Amino acid sequence: MSLVFTKEALKKIRTQGSIIPSSSALGRRMLRPLIIRPDTVIVELGAGTGIFTKEIMGRLPAGAKLIAFENNRALAEKLRVDFHDDLASGGLILVEDDAAALGDHLRRLNIPQAHYIVSGLPIGNFSRTARQKIFDAIYAGMRDDGIYVQFQYLLASWLHARKVFRAKIIGFELRNIPPAFVYSCRKK
Ligand SMILES: C[S@@+](CC[C@H](N)C(=O)[O-])C[C@H]1O[C@@H](n2cnc3c(N)ncnc32)[C@H](O)[C@@H]1O
């Protein structure tokens with residue numbers, strides 16, 4: 001278990017969402033809808049200690065890209081160390097910034113839109129306004145045939161997501177503390 005994650009969570013539980021990183025089982029469930037090809041661009045929001053990052057990088061063929069957002073400095077620093085090789089090879093791009101700035105970074109990187117957006121953001125804890133801002137950024141940053149996957153312990157944010165996307169619950173992972181729902185969203 002990551003001590004950095006727990007230490008940061010105790011300081012900022014609202015934005016961190018949990019004091020325990022997610023499980024690999026949850027990561028694998030999150031990635032079930034993804035078909036990854038050499039031209040695929042995946043965005044990860046709220047990479048934390050990199051549990052999902054590791055699962056994604058393990059499936060990423062040459063040419064495909066993962067752009068991982070993490071706005072906590074200590075966690076971003078740990079990701080830089082742990083994923084040094086993936087960052088050096090160019091398969092992984094780490095963005096230490098707010099996920100709401102997704103559009104700015106895609107423009108900077110000359111990437112029109114992502115195929116998939118995988119989010120570990122604790123959006124259920126965000127204010128409705130902040131959550132809408134993230135949903136708007138995801139909607140604009142995702143291709144028309146793209147898929148956004150989110151996990152949550154409760155489903156209040158899914159009700160909100162349904163107003164913006166075609167959102168459906170695609171699983172419930174018991175092998176996670178706490179167990180978590182996974183929902184996927186497509187553009188309307
Ligand atoms: C519940 S943790 C998930 C971490 C990891 N993906 C996992 O599943 O264990 C949420 C992560 O999102 C990050 N985060 C929260 N709000 C964010 C924001 N607005 N932009 C980028 N990252 C954010 C937190 O710092 C934290 O690392």
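**Figure 1. Close-up of the hairpin of strands E6 and E7 in the predicted model.** Glutamate 173 stands opposite alanine 180, a residue of E7. The two strands, E6 and E7, are joined as a hairpin, with 6 residues between them. Their pairing is antiparallel and runs over 7 bridges. Of the 7 residues of E7, 5 are buried, so this strand is largely enclosed by the rest of the structure.

**Figure 2. Close-up of the pairing between strands E5 and E7.** Strand E5 covers residues 142-152 and strand E7 covers residues 180-186. They pair in the antiparallel sense, and 5 bridges link them. Phenylalanine 151 has valine 182 in E7 as its bridge partner.

**Figure 3. The open sheet and its edges.** The sheet is built from 7 strands in the order E3-E2-E1-E4-E5-E7-E6, and its pairing is mixed. The edges are held by strand E3 (92-95) and strand E6 (166-173); each has a single partner strand, so one side of each is left without a neighbour in the sheet. On average, neighbouring strands of this sheet are turned by 20° against each other, direction ignored.

**Figure 4. Close-up of strand E4 with E1 and E5.** On one side, E4 pairs with E1 in the parallel sense over 4 bridges. Here glutamate 44 stands opposite valine 118 in E4. E4 also runs parallel to E5, to which 5 bridges join it. In that pairing, tyrosine 116 has isoleucine 147 in E5 as its bridge partner. E4 is mostly covered, with 6 of its 6 residues buried.

**Figure 5. Helix H8 against the sheet strands.** Helix H8, residues 128-141, lies across three strands: E1 (41-45), E4 (114-119) and E5. Relative to E5, the helix runs at about 145°.

**Figure 6. Close-up of helix H5 and its two faces.** In helix H5 (residues 73-82), the buried residues are Leu75, Lys78 and Leu79. Seen down the axis of H5, these buried residues fall within an arc of 100°, so they line one face of the helix. An α-helix has 3.6 residues a turn, so residues three or four places apart point the same way. The elements that cover the buried residues of H5 include H1, H4, strand E2 (65-69) and E3. Turned away from this buried side is a face that carries the exposed residues Arg73 and Val81.

**Figure 7. Close-up of the shell around the ligand.** The ligand is surrounded by 23 residues, of which the closest are Gly17, Ser22, Gly46, Gly48 and Gly120. By type, the shell divides into 10 nonpolar, 11 polar and 2 charged residues. Helix H2 (13-16) and helix H4 (51-57) each supply at least two residues of this shell.

**Figure 8. Close-up of lysine 7 in helix H1.** Lysine 7 is part of helix H1, which covers residues 3-11. Lysine 7 counts as exposed because it has 12 C-beta neighbours inside 10 Å, and the cut-off for an exposed residue is 12 or fewer. Proline 33 is 26 residues away from lysine 7 in sequence, and the C-alpha to C-alpha distance between the two is 32 Å.

Technical notes:
Residues numbered from 1 in each chain as written. Predicted model: local features only at pLDDT ≥ 70, side-chain atom pairs only at ≥ 80, totals over all residues. Pairing = 2+ DSSP bridges. Axes fitted to C-alpha atoms, helices over the stretch in contact; angles between N-to-C directions. Contact = placed C-beta atoms within 7 Å. Near = placed C-beta within 6 Å. Nonpolar A, V, L, I, M, F, W, Y, C, P; charged D, E, K, R; others polar. Buried ≥ 20, exposed ≤ 12 C-beta atoms within 10 Å, placed from the backbone. Arc of directions from axis to C-beta.
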